[in-house]
Amino acid sequence: MRFDSEVELPPRATNAAYIELQRRLESAAVSYPRKIPIAIHHARNEMVTDMEGREYIDFLTGAGVLPLGHNPSFLVEIAKRQLDTITHGLDFPTEAKMDFMEQHLSMLPESLQGKYKMHFCGPTGADAVEAAIKLAKFNTQGGEVISFIGGYHGCTQGALSLTTDRKLKEGVQNLIPGVHYFPFSYCYSCPFGLERASCGNTCASYFSRVMGDSHNGMGKIAAVILECVQGEGGVIPVKPALMQAVYRFTQEQKIPLIIDEVQTGCGRTGSWFAFEEYGIEPDIIVMSKAISGIGAPCAFILYKKHLDTWSAGKHIGTFRGNNMAFATGAEFVRFAKRSNLLGNVRERGLELMQALKALAVAHGFVGDVRGKGLMLGVEIVVPDSARRSPKTARLLQQYLVESGLIVELGGRDSSTIRLLPPLNISTESVRRAISIMESVFQRVDAEHHQHAISYETGDYAI
Ligand SMILES: Cc1ncc(COP(=O)(O)O)c(C=O)c1O
């Protein structure tokens, strides 16, 4: 941490003062600053500076919407130019929009080129999920949707119905009916209680058996939706066997397979779309978060051409024409191509993964490290057990932030530390982040030993 001498800070502004002002003015549903108690003065690339001049490496990156970190200067220039040309264009064609479409469509794998159409949605992942479900229902005339335990698809009422975190749903009655949740390949904490060695891909065979059972109680199915790597669910990649079972079923039954790439898309996992690694052809692909390259709100779905049966105005929304997002998004894709961004994701991802594995060897409270590319998670447990330790995870997060590394928690009991660095992060910044993690993990280990702190309750014995 150091002071940034180039930027003048407002006098007497403290993080606490801003957070208190926010508490008085803003909704009780404010989320991130409760665990990361900073107010942001400014940010650039992978660095964030708080109101008191402290600098942080940002491994949260706006929950994954900032693939190149904060306001990269070349995209800021593009945005400024676009603001002077046209900013909001409903769904009229513009130069920026056509360029954006061409660039993003060009990122589909060779074998899928020309097979998809694009639909712009209200500028959030959740609205794009709504559009995907609506399109699937419209095409199949089915009403039931299959989702997976641990899945997160957003907080609007349709998307929330597909999401399985019960805390988010508590007290909200009458979400959309007809959603069925299947066990996901959360192998560290197998939903069938099996050890890895004896698992035999039970989640995959369970899915196939239930879907093939004429007494499964389901009505006509509209869609199956899943993430290739569950993000909010705890950074859990889908096992190839489960993905193949789902793909086989949807192909055979002609049920649209929706792959939610809101968090995994745009290179986060090391390929442009995470589904590419599974050799499947999704019927509908949901994209948002990183697509503008600079964090400007935008969302779209891609869907197979034969599904383009809806008529004008079937899924509208005023904010579908963010031309600034289009201009920066197109340039972001060009940058990704010319700079071998995906190569960087894979290489830096490997470096981080190796360091996390070393932390797991050194510290008994690291239960599992997992993920793909630069979407990584560290599950924190009570040492020598697989019981989650949310208290320790929270303490680690607090010390990491205090030491200059912003990370978020996720997964069951918020006990997985989630790492979402910028995709163009340098080896040097990865090393700095690892070094912060090493010293914080050591500190937590030492404090627990010294004071005999319980990993279960966080209470001090000494
Ligand atoms: C996989 C996935 N789908 C959908 C969403 C919802 O996106 P938004 O928050 O933009 O509505 C998210 C958000 O984290 C997500 O991770």
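In this predicted model, helix H4, spanning residues 73-83, has Leu75, Ile78, Ala79 and Gln82 as its buried residues. These four residues lie on the same side of H4, because they cover an arc of only 100 degrees around the helix axis. Such an arrangement follows a general pattern: an α-helix has 3.6 residues a turn, so residues three or four places apart point the same way. The face of H4 turned away from the buried side carries Ser73, Glu77, Lys80 and Arg81, which are exposed.

The cover over the buried residues of H4 includes two further helices, H5 (95-105) and H11 (323-338). The packing of two helices is described by the angle between their axes and the distance between the axes. For H5 and H11, the axes come within 8 Å and cross at roughly 35 degrees, and the crossing is left-handed. On the H5 side, the contact is formed by Ala96, Lys97, Asp99, Phe100, Gln103 and His104. These residues meet Asn323, Phe326, Ala327, Gly329, Ala330, Val333 and Arg334 of H11. By class, the residues of this contact between H5 and H11 comprise six nonpolar, four polar and three charged.

The ligand is surrounded by 15 residues, of which Thr124, Gly125, Ala126, Gly154 and Val262 come nearest. Helix H6, formed by residues 125-140, gives the most to this shell, contributing three residues. In terms of class, the shell around the ligand consists of seven polar, five nonpolar and three charged residues.

Definitions and conventions: Residues numbered from 1 in each chain as written. Predicted model: local features only at pLDDT ≥ 70, side-chain atom pairs only at ≥ 80, totals over all residues. Near = placed C-beta within 6 Å. Helix = DSSP H or I, 4+ residues; strand = E, 2+ residues; numbered from the N terminus. Nonpolar A, V, L, I, M, F, W, Y, C, P; charged D, E, K, R; others polar. Buried ≥ 20, exposed ≤ 12 C-beta atoms within 10 Å, placed from the backbone. Arc of directions from axis to C-beta. Contact = placed C-beta atoms within 7 Å. Axes fitted to C-alpha atoms, helices over the stretch in contact; angles between N-to-C directions. Left-handed = near helix turned anticlockwise from the far one by under 90°.
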